[in-house]
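Colleague: I would like a close look at one part of this model, taken slowly enough for a first-year student. Please choose the part, and describe what surrounds it.

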Amino acid sequence: MKEINSKEVCDIFKEIIEYELAGVVRYTHSSLMVTGPYRIPIVTFLKEQAAESMIHAQQAGELLVGLDGHPSLKVAKIKETHRHSIKDILEESLEHELHALSLYKKLLMKVADASVYLEEYARSMIGEEEQHSLELKAMLKDFS
């Protein structure tokens, strides 16, 4: 097995934490902006995404600290488009999930063949983010 580059891996974990915390804010904000006949199921979905983003941030933080890293107090920048139709919210959510997916893939590239545990963690997170992306794509089909 190759050696893990702790600094690079810790930097990726910091980025993941900041981005997942931004997800908490994004999904919470979006859940408050939904109107219309499909409000209740979409708000429920968005609140679940916010809660899951918090869990993901905490999991990444635990791993970061285990690697002797220090989590920042930052939240990744969130672009406010001021577009709040259900379609816009779902498209922005999909964009968010795809970026999160790219962060976990970046982590996987750094830990592959260096740590079985971190590699499995990255793979499981990639699977979750892919699942969310597929769910959002399916939700957006009625809008195309």
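Modeller: What follows is a walk along one helix, the loops beside it and the pockets it helps to line.

The model is a predicted one, and the part chosen is helix 3. Helix 3 runs over residues 86-111, which makes 26 residues. How far apart should its ends be? At 1.5 Å a residue, helix 3 should span 38 Å, and its end C-alpha atoms are 37 Å apart, so the two values agree. The same check can be made on helix 2, residues 39-66. Its 28 residues should span 40 Å at 1.5 Å a residue, and the end C-alpha atoms of helix 2 are 41 Å apart, which agrees as well.

Next come the loops. The loop between helix 2 and helix 3 holds D68, a residue that follows helix 2. The phi of D68 is positive, about 70°, although D68 is not a glycine. Is D68 buried or exposed? D68 has 75% relative accessibility, and because exposed means over 50%, D68 counts as exposed.

Beyond the other end of the chosen helix, D113 follows helix 3 and sits in the loop between helix 3 and helix 4. D113 is not a glycine either, and its phi is positive, near 65°. With a relative accessible area of 52%, D113 is exposed. D113 is also one of the residues in contact with E119, along with L108, V111 and A112, when the neighbours of E119 within four places in sequence are left aside. E119 belongs to helix 4. Its relative accessible area is 14%, and because buried means under 20%, E119 is buried.

Now the pockets. The largest pocket has a volume of about 240 Å³. Its lining consists of 14 residues, and those nearest the centre of the pocket are R26, K79, E92, E95 and H96. Two elements give two or more residues to this lining, namely helix 1 (6-33) and helix 3. Helix 3 gives the most, with 5 residues. Sorted by class, the lining of the largest pocket has 7 charged, 4 polar and 3 nonpolar residues.

The second largest pocket holds about 160 Å³ of space. Which residues line the second largest pocket? They are Y38, I42, I86, L90, A138, M139, D142 and F143. Helix 3 and helix 4 are the elements that give two or more residues to this lining. By class, the lining of the second largest pocket has 7 nonpolar residues, 1 charged and no polar.

One residue of that lining, M139, deserves a closer look. M139 is in helix 4, which covers residues 116-140. Apart from its neighbours within four places in sequence, M139 is in contact with I42, F45 and L90. I42 and L90 also belong to the lining of the second largest pocket. The C-alpha atoms of M139 and K87 are separated by 8.9 Å, while the two residues are 52 residues apart along the chain. M139 has a relative accessible area of 26%, and because partly exposed lies between 20% and 50%, M139 is partly exposed.

To put the part together: helix 3 is followed by D113, is the element that gives the most residues to the lining of the largest pocket, and joins helix 4 in giving two or more residues to the lining of the second largest pocket.

Conventions
Residues are numbered from 1 along each chain as its sequence is written. This is a predicted model: local features need pLDDT of at least 70, side-chain atom pairs count only at pLDDT 80 or more; totals for chains, interfaces and linings use all residues. Side-chain values use heavy atoms; hydrogens and water are left out. Helices (H or I, at least four residues) and strands (E, at least two) are DSSP runs, numbered from the N terminus. The expected span of a helix is 1.5 Å times one less than its number of residues. Buried means under 20% relative accessible area, exposed over 50%, partly exposed in between (1.4 Å probe, protein chains only). Contact means heavy atoms within 4.5 Å. On a 1 Å grid over the protein atoms alone, a cavity is a set of points where a 1.4 Å probe fits but cannot get out, and a pocket is an open set with protein on both sides within 12 Å along at least five of seven lines; lining residues have an atom within 4 Å of a point. Grid points are joined across faces, edges and corners, and a volume is the space filled by probe spheres set on the points. Ala, Val, Leu, Ile, Met, Phe, Trp, Tyr, Cys and Pro count as nonpolar, Asp, Glu, Lys and Arg as charged, and the others, Gly among them, as polar.
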